[in-house]
Every structure is written in C-alpha cells, then in structure tokens.
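Here is a request from a colleague who works on computed models: please take this structure through a series of questions and reason each answer out.

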Amino acid sequence: MNTTDLTERDYSRQSHLIVNSKYAMTSNEINMVLVLLTAIDKKDEDFKDYIFTKRELEKKTDKKWDSQQLQKTVDGLFEKPIRIRESEKNWKRFNWFSYFEYTNGIITCRFDKALKPYLLELKERFIVSDIKHLLPMKSTYSKRMYLLLKEYSKIGHRVFDVEELQELLKVPKGMKRYDNFKRQILKRAETDINKFTDLEVKLSEKKRARKVIEITYSIKKNHTDLKTFIKIIKEIYTNTILYFSNIFTTTMHFL
C-alpha cells in the first residue's frame with residue numbers, strides 16, 4: 001500500500017472563505033487539520049484518499065498519538081462543522097472530512113468533496129501558511145488569529161468588530177467579557193504570533209463610551225524570523241552562489 005509522506009511538505013493553501021469561517025476546535029483537532037492540509041498538492045484536481053502511518057503523523061506534529069486519542073480527535077472533528085457565509089443570504093455548513101479509518105497503525109482519510117472550491121485549484125484570495133509557524137503555538141485561538149491576519153499581511157493591518165470576531169472564533173461565554181477576551185485570546189495571540197511566526201503584529205483598540213468596540217492589528221514582516229531564515233540558508237548553502245530576481249533587476253549574491 002502506498003502512503004502519503006506527511007513529512008515532505010509544510011505549506012498548505014486555504015480559501016479566505018475557509019479561514020474566515022466560523023468554527024472552534026481543540027488543540028489536537030486543529031493540528032490534525034493543519035497537518036493534513038499539507039498533504040494536498042496545489043496541482044491536485046480532486047481529493048484522493050490520503051494514506052499515512054501513525055509514525056508519520058507523530059513526526060509531523062511532534063507528539064505521540066495513541067489510538068484512543070486519535071479516535072477522540074477524529075470524532076470531535078466530525079461533530080464540529082464549518083460554517084461559511086458567502087453573502088448575507090447564502091451560507092453553507094459541512095465537515096472537514098467525509099471519511100477516516102485507522103487500521104494497524106495506518107490512517108486513511110478523505111476531505112469532504114464540498115471543500116473542493118476552497119482547497120483545490122485556488123486562483124485568488126487564498127492564504128498560504130507554514131505549519132512550522134502554526135504548530136508551536138499552543139492556543140487554538142492564536143492559530144486562528146494568525147491565519148486571519150496572514151490574509152491581510154500585504155495590506156499591513158486588519159480591523160475587527162469585537163463582537164463579530166468573538167462570533168467568528170466561537171468564543172465561549174466565559175471569555176466574552178472584554179478584559180478576559182483581551183488577556184486570554186487577543187494579547188496571547190499577539191505574543192504567540194510575534195514569537196513563532198513570520199509576522200509581527202501589534203494590537204490597538206477603539207472605544208465608544210468606555211467600551212472597546214473595535215480592535216486593529218498592525219501587521220508587518222517579522223525580521224527576527226527573516227534573520228533566522230537567512231542564517232539557516234547560509235549554513236545550508238555555504239559557498240554557493242544564489243540568484244534573486246524581481247520585476248526590475250536580477251542580482252547575484254555570494255553567501
């Protein structure tokens with residue numbers, strides 16, 4: 001049986017409609033989805049059965065999975081649908097997966113075919129993310145916020161209505177009071193994103209009659225992450241000539 005090597009690709013692509021859909025997951029559930037999204041090749045025209053070993057999953061997620069934990073995670077995913085609203089009058093609801101099987105250490109899964117427009121043949125308004133940035137963040141909300149902000153990284157900022165963002169993230173009632181929401185979700189996301197990802201973000205607030213009604217994240221490239229990347233490239237390609245090009249010029253640098 002051929003298996004899908006989950007260790008080969010770290011990048012995934014999602015339509016902005018998926019990134020901005022309403023859903024809530026546990027840490028194991030969102031990590032499972034993020035890892036399995038990397039199994040999709042951008043050249044794929046249709047979903048297939050993605051087959052891989054538990055060992056590959058453990059290597060990719062950097063954690064041990066027993067069969068009970070795996071089953072609980074999959075059951076949770078099937079019980080938590082995604083809600084997409086394409087317009088005021090049009091909405092859709094579906095699951096990430098239509099099929100999951102675990103047999104003697106071999107896992108087989110299939111994405112729900114209704115997700116094809118949002119994960120395959122994407123030509124505009126999609127978000128590319130690297131799980132090496134996402135998995136180290138322990139908070140599921142930090143992962144969601146990163147994807148929401150990544151979409152606007154070229155614009156340089158993103159504005160959220162507080163109540164609409166809470167609804168988008170499906171924040172539980174106990175966290176909806178703004179001081180709790182800010183401390184447990186917004187500020188933690190700011191810290192996590194700045195520490196682990198390619199983005200550097202900063203939170204600001206807009207008040208009306210002492211109530212925070214709107215928040216803005218400024219977004220720019222995380223140069224700390226860039227410096228780390230350059231250091232790694234220099235170590236890998238010692239004494240190698242690398243070529244960089246843009247629309248106007250082609251330059252050559254010797255590392």
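Q: Is serine 129 buried or exposed?
A: In this predicted model, serine 129 is found in strand 7, which spans residues 126-130. A residue counts as buried when its relative accessible area is under 20%. The value for serine 129 is 2%, and therefore this residue is buried.

Q: Which residues does serine 129 touch, not counting residues up to four places away in sequence?
A: Serine 129 lies in strand 7, and its low relative accessibility of 2% puts it in the buried class. With residues up to four places away in sequence not counted, the residues it touches are Asp10, Tyr11, Ser12, Leu134, Tyr146 and Leu147.

Q: How many residues of helix 7 are buried?
A: Helix 7 covers residues 140-150, and its buried residues include Tyr146 and Leu147, both of which are also touched by serine 129. The list of buried residues runs through Thr140, Tyr141, Ser142, Lys143, Arg144, Met145, Tyr146, Leu147, Leu148, Leu149 and Lys150. The helix is largely enclosed by the rest of the structure because the buried count is 11 of the 11 residues.

Q: Which residue caps the N-terminal end of helix 7?
A: A side-chain oxygen lies 3.2 Å from the backbone nitrogen of tyrosine 141, and tyrosine 141 is itself among the buried residues of helix 7. The residue that supplies this oxygen, and so caps the helix, is serine 139.

Q: Which helix gives the largest share of the lining of the largest cavity?
A: The structure holds one cavity of 30 Å³ or more, and about 40 Å³ of space lies in the largest cavity. Its lining is made up of Gln14, Tyr23, Met25, Ile30, Val33, Leu34, Leu37, Trp96 and Leu147, which divide into eight nonpolar, one polar and no charged residues. The largest share, four residues, comes from helix 2 (residues 27-37).

Q: Is glutamate 29 buried or exposed?
A: Glutamate 29 has its place in helix 2. Leaving aside neighbours within four places in sequence, its contacts are Thr73, Gly76, Leu77 and Lys80. Its relative accessibility is 4%, and therefore glutamate 29 counts as buried.

Q: How many charged residues are in the lining of the largest pocket?
A: About 540 Å³ of space lies in the largest pocket. Of the 21 residues that line this pocket, the closest to its centre are Asn20, Ser21, Lys22, Arg85 and Leu168. Two or more residues each come from helix 1 (16-19), strand 3 (82-85), strand 4 (91-94), strand 8 (157-161) and helix 8 (162-169). The lining divides into eight nonpolar residues, three polar and, for the class asked about, charged, 10.

Q: How far apart in space are leucine 17 and arginine 85, C-alpha to C-alpha?
A: Leucine 17 lies in helix 1 and, at 22% relative accessibility, counts as partly exposed. Leaving aside neighbours within four places in sequence, leucine 17 is in contact with Ile84, Arg85, Glu86 and Tyr118. Leucine 17 and arginine 85 are 68 residues apart in sequence, while their C-alpha to C-alpha distance is 7.7 Å.

Q: What percentage of the residues in the protein chain is buried?
A: The protein chain contains 10 helices and 12 strands, and among its contacts with a separation of 6 or more, 64% join residues 24 or more positions apart. Its accessible surface comes to about 15500 Å², with 50% belonging to carbon and sulfur atoms. Of the 255 residues in the chain, the buried ones make up 44%.

Key:
Residues numbered from 1 in each chain as written. Predicted model: local features only at pLDDT ≥ 70, side-chain atom pairs only at ≥ 80, totals over all residues. Heavy atoms only, no water. 1 Å grid on protein atoms, 1.4 Å probe; cavity = no way out; pocket = protein on both sides within 12 Å on 5 of 7 lines; lining within 4 Å. Points joined across faces, edges and corners; volume = space filled by probe spheres on them. Nonpolar A, V, L, I, M, F, W, Y, C, P; charged D, E, K, R; others polar. Buried < 20%, exposed > 50% of the residue type's maximum accessible area, 1.4 Å probe, protein only. Polar contact = N/O pair within 3.5 Å; in protein donor to acceptor, adjacent residues only side chain to side chain. Contact = heavy atoms within 4.5 Å. Areas by Shrake-Rupley, 256 points an atom, 1.4 Å probe, with all protein chains shown as cover.
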